[in-house]
Amino acid sequence: MEYVSAKHLLHRSRSTEWFGTDHTMNIYRGCCHGCLYCDSRSDCYQVEEFDTVRAKADALRILRDDLARKVRPAFIGMGAMSDPYNPFEEELELTRHALELIDAYGCGVTIATKSDLIVRDIDILTAIQGHSPVICKITVTTTDDALAARIEPFAPAPSRRLVALEKLAGAGLFSGVLLMPVLPFLEDSDENVLSVVEKAAKTGARFIYPAFGVTMRQGQREYFLDALERAFPGQGLKGRYLGQYGDRYQCASPRARRLWRVFTEACQAWGILYDMKSIIRAATLGHGDRQLTFFD
């Protein structure tokens with residue numbers, strides 16, 4: 001494991017619109033899940049050799065000091081740039097020990113991951129939820145394991161993620177799905193979206209938050225389009241993307257409007273939350289005045 005220096009682990013968010021968090025934290029730098037579409041490869045983030053995972057040196061001491069300086073408990077988002085449950089975490093346990101510190105300092109946490117390793121930490125997440133909000137977000141862009149193996153080649157299969165989601169929900173943790181990105185021309189079918197909704201609902205998921213499309217910007221765009229050609233040879237996907245989107249950053253599916261209607265109708269039928277304010281409100285319910293401060 002390589003280590004990189006860091007002055008701070010906690011960084012204040014510009015707004016609380018993204019799941020109510022007021023701080024972000026990445027204890028690792030880079031990711032080895034190999035997802036073709038990952039926006040964190042973009043040049044603006046300046047992560048060299050993104051597929052090589054590095055840990056922040058002396059991360060737990062730095063996090064402890066950051067937490068000790070907070071006047072009020074933070075609501076911390078983990079996984080925005082790098083998956084906190086990469087394969088190295090099983091041995092290093094940096095994420096687990098970070099959660100122990102978050103618990104000790106009375107903070108809340110949201111976690112975004114594609115790994116079922118998160119179930120290892122159900123005990124700590126349950127302890128945190130006893131005093132602060134916890135939101136477990138499992139990314140599932142398709143329920144087709146074979147398709148996912150080409151798009152997210154080194155991440156645990158969606159079937160494993162859904163089993164993890166069922167365990168999280170069964171433990172009483174506020175959990176749901178990030179249905180993003182939904183790749184145009186590959187995943188943007190009614191059948192794929194409805195399958196995610198149905199299988200997530202059957203696990204006990206409380207919410208599904210979607211993005212019917214993908215982002216492409218400098219650095220990440222080139223990687224993504226070339227990777228599509230390798231993963232889906234002969235399908236002309238690179239040409240289709242360039243013809244549809246050019247050098248745009250926000251690349252909505254041509255079927256986005258219909259998918260939104262199909263998706264919301266299915267979520268309503270299953271009793272699944274899907275808009276951000278409702279998700280935050282439900283996740284923070286019972287945590288006193290904190291529920292209101294997340295909308296400031």
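**How do you know? A tour of a predicted fold**

Visitor: What makes the radius of gyration of this protein agree with a compact globule?

Guide: Set the two values side by side: for 296 residues, a compact globule would come out near 19 Å, and the protein has 19 Å, so they agree. Keep in mind that this is a predicted model. The C-alpha atoms fill a box of roughly 55 × 45 × 35 Å along the principal axes, and buried residues make up 54% of the 296.

Visitor: How many helices and strands does the protein have?

Guide: There are 12 helices and 12 strands. Of these strands, 7 make an open sheet, running β2-β3-β6-β7-β8-β9-β10, with mixed pairing. From one strand to the next, the twist averages 25°.

Visitor: Why are β2 and β10 called edge strands?

Guide: Look at their neighbours: β2 (10-12) and β10 (207-210) each pair on one side only, so they are the edges.

Visitor: How do you know that β6 pairs with β3 and with β7?

Guide: Count bridges. Two strands pair if there are at least two bridges between them. Strand β3 (residues 23-25) and β6 share 3 bridges, while β6 and β7 (residues 108-113) share 4. Both counts meet the cut-off, so both count as pairs. The sense is parallel for β3 with β6, and parallel again for β6 with β7. If you want residues to click on, His-23 has Ile-76 as its bridge partner in β6, and Phe-75 stands opposite Gly-108 in β7.

Visitor: Which way do the residues of β6 point?

Guide: In β6 (residues 75-78), Phe-75 and Gly-77 point one way, Ile-76 and Met-78 the other, and all are buried.

Visitor: Why is Ala-112 called buried?

Guide: Buried means under 20% relative accessible area. Ala-112 has 13%, so it counts as buried. Ala-112 lies in strand β7. Ala-112 and Lys-137 are 25 residues apart in sequence, yet their C-alpha atoms are 4.7 Å apart in space.

Visitor: What makes Phe-88 partly exposed?

Guide: Partly exposed covers the range between the 20% and 50% cut-offs. Phe-88 has a relative accessible area of 38%, so it is partly exposed. You'll find Phe-88 in the loop between β6 and α2 (89-92). Together with Met-1 and Tyr-3, Phe-88 makes a nonpolar surface patch of about 300 Å².

Visitor: What is remarked on about the phi of Asp-58?

Guide: The phi of Asp-58 is positive, about 55°, although this residue is not a glycine. Asp-58 lies in the loop between β5 (54-56) and α1 (59-68). With a relative accessible area of 45%, Asp-58 falls between the cut-offs, so it is partly exposed.

Visitor: Why is Phe-185 called partly exposed?

Guide: Again, set the value against the cut-off: buried stops under 20%. Phe-185 has 22% relative accessibility, so it counts as partly exposed. Phe-185 also has a positive phi, about 70°, although it is not a glycine. Its place is in the loop between β9 and α7.

Visitor: How do you know that the peptide bond between Met-180 and Pro-181 is cis?

Guide: Check omega: it is about -10° for the bond joining Met-180 and Pro-181, which is given as cis. Pro-181 lies in the loop between β9 (175-179) and α7 (190-203).

How values were computed:
Residues numbered from 1 in each chain as written. Predicted model: local features only at pLDDT ≥ 70, side-chain atom pairs only at ≥ 80, totals over all residues. Heavy atoms only, no water. Buried < 20%, exposed > 50% of the residue type's maximum accessible area, 1.4 Å probe, protein only. Helix = DSSP H or I, 4+ residues; strand = E, 2+ residues; numbered from the N terminus. Patch = residues over 30% accessible without salt bridge, like charges linked within 9 Å, V, L, I, M, F, W, Y side chains within 5 Å. Areas by Shrake-Rupley, 256 points an atom, 1.4 Å probe, with all protein chains shown as cover. Salt bridge = Lys/Arg side-chain N within 4 Å of Asp/Glu carboxyl O. Axes fitted to C-alpha atoms, helices over the stretch in contact; angles between N-to-C directions. Rg over C-alpha atoms; globule rule 2.2 N^0.38 Å.
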